[in-house]
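Trainee: I've just opened this one and don't know where to begin. Could you walk me through it?

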Amino acid sequence: MGRRSRQSMIEDIFDTLKVTPIWVGPILAVVVFLIFRFIPPLFFPGSQAGLDTNVILRPLFASLAWALGGVVLLAWGFAEIWKLLNGRLLDGQTGIASIKNMSWQEFERLVCEAYRRKGYTAELVGNSSGDGGVDIQLYGREQKVLVQCKQWKAFKVGVKPIRELLGVVVSDRADRGIVVTSGRFTIEAKAFARRNPQIELVDGPELAELIRGVQSRPSAAPPQMPTPSAPTHTPACPHCGSGMVLRTARKGQNTGSQFWGCPKYPACRGTRPV
């Protein structure tokens, strides 16, 4: 029972620190240490029934203070590792194809991290079976938002889960709900969402765009195409063999376009296309 209680305490602290800034953990550890190190002994007199309680209780509370402070730091360390892994997961996405290759657990973490970077306090609340219900709760901008993740790789998301989420939004008195999928939504689902502005639908392409907008670094650099103004070599004049120069046509039907011209012009009128 005691071991389970300790595990629950660590899990509760861990869940809290997952959604707080990095500096909260160390400060919380110091506060917990100071409270249990110095506050409890003040409530005990120096001696009772011939026993010096200071000799007994002060070392006990000192040990407890170090232990609880260590628990907070341990939970904080795991929370920061969890944040780091989620950040790498998001920054490593290259598009909808990589998103569809995820497990549903990774998909939920990805969506959670994306909304966290948009400024929300994002908390994973999904169950271990990965089906139904609310997967993520968002807090921020004076709103409570419920998110349901549907990583359907081959099928469109129909109206049923969207209708169910609306019921949860109303019963929980949330401000709105979001259904996120790596696929698409049916026509009926889109029509239902239009009639109920409390529900927002995010399909695969919209999710990919959301992720690109919050990535801390580009996942893939766009290909660089060579331009005519930056040739890789200088050709020789077809008439005299001289190294040619890049010129711009000033008249005629090709006005504004570039071409290779002989440097001995007008004595030599050799040209080559770029």
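Mentor: Sure, and keep in mind that this is a predicted model. Let's begin with the largest pocket, which has a volume of about 290 Å³.

Trainee: How many residues line the largest pocket, and which lie nearest its centre?

Mentor: The lining is made of 12 residues. Those nearest the centre are Arg-247, Phe-259, Gly-261, Tyr-265 and Thr-271.

Trainee: Which elements give two or more residues to that lining?

Mentor: Those are β8, covering 245-248, and β9, covering 258-261.

Trainee: And what's the mix by class, nonpolar, polar and charged?

Mentor: The lining of the largest pocket has 5 nonpolar residues, 4 polar ones and 3 charged ones.

Trainee: How does anyone spot empty space like that in general?

Mentor: Rolling a probe the size of a water molecule over the atoms shows where empty space is left.

Trainee: OK, let me zoom out. How many helices and strands does the chain have?

Mentor: There are 8 helices and 10 strands. The chain has 274 residues, and buried ones make up 37% of them.

Trainee: What about contacts between residues far along the sequence?

Mentor: Take the contacts in the chain between residues at least 6 apart in sequence: 54% of those join residues at least 24 apart.

Trainee: Got an example of two residues like that?

Mentor: Try Leu-73, in helix α3, residues 53-91. Leu-73 and Pro-26 are 47 residues apart along the chain, yet their C-alpha atoms are separated by 6.5 Å. Leaving out residues up to four places away in sequence, Leu-73 touches Pro-26 and Ala-29.

Trainee: Is Leu-73 buried or exposed?

Mentor: In between: Leu-73 has a relative accessible area of 42%, so it counts as partly exposed.

Trainee: Switching topic, how many aromatic pairs are there?

Mentor: Searching the whole structure turns up 2. One of them is Tyr-115 with Tyr-120, in an edge-to-face arrangement. Their rings are 6.2 Å centre to centre, with 70° between the planes.

Trainee: Are those two tyrosines buried or exposed?

Mentor: Tyr-115 and Tyr-120 are both buried.

Trainee: Where do charges sit over rings?

Mentor: Arg-37 lies over the face of Phe-38, 5.1 Å from the ring centre. Another case is Arg-163, whose charged end sits over the ring of Phe-192 at 5.4 Å from its centre.

Trainee: Let's try some single residues. Where is Cys-112?

Mentor: Cys-112 is part of helix α5, which runs over residues 104-117.

Trainee: Why does Cys-112 count as buried?

Mentor: Because its relative accessibility is 4%, and buried means under 20%.

Trainee: What does Cys-112 touch?

Mentor: Not counting residues up to four places away in sequence, Cys-112 touches Ala-122, Glu-123, Leu-124 and Ile-136. Glu-123 is 11 residues from Cys-112 in sequence, and the two are 7.0 Å apart, C-alpha to C-alpha.

Trainee: And Thr-121, which strand is it in?

Mentor: Thr-121 is in strand β3, residues 121-124. Thr-121 has a relative accessible area of 34%, so it's partly exposed. With the same sequence limit of four places, its contacts are Val-19, Gln-137, Leu-138 and Tyr-139. Between Thr-121 and Tyr-139, 18 residues apart along the chain, the C-alpha separation is 5.0 Å.

Trainee: What about Thr-181, buried or exposed?

Mentor: Thr-181 is buried, because its relative accessible area is 0%. You'll find Thr-181 in strand β6, residues 176-181. Beyond four places away in sequence, Thr-181 touches residues including Phe-107, Trp-152, Val-202 and Leu-207.

Trainee: One more. What's unusual to look at around Arg-173?

Mentor: Check the backbone: Arg-173 isn't a glycine, yet it has a positive phi of about 60°. Arg-173 is in the loop between α6 (159-171) and β6.

Trainee: Why does Arg-173 count as exposed?

Mentor: Because its relative accessibility is 77%, and exposed means over 50%.

Notes. Residues numbered from 1 in each chain as written. Predicted model: local features only at pLDDT ≥ 70, side-chain atom pairs only at ≥ 80, totals over all residues. Heavy atoms only, no water. 1 Å grid on protein atoms, 1.4 Å probe; cavity = no way out; pocket = protein on both sides within 12 Å on 5 of 7 lines; lining within 4 Å. Points joined across faces, edges and corners; volume = space filled by probe spheres on them. Helix = DSSP H or I, 4+ residues; strand = E, 2+ residues; numbered from the N terminus. Nonpolar A, V, L, I, M, F, W, Y, C, P; charged D, E, K, R; others polar. Phe/Tyr/Trp six-rings, centres within 6.5 Å; stacked < 30°, edge-to-face > 60°. Buried < 20%, exposed > 50% of the residue type's maximum accessible area, 1.4 Å probe, protein only. Lys NZ or Arg CZ within 6 Å of the ring centre and 35° of its normal. Contact = heavy atoms within 4.5 Å.
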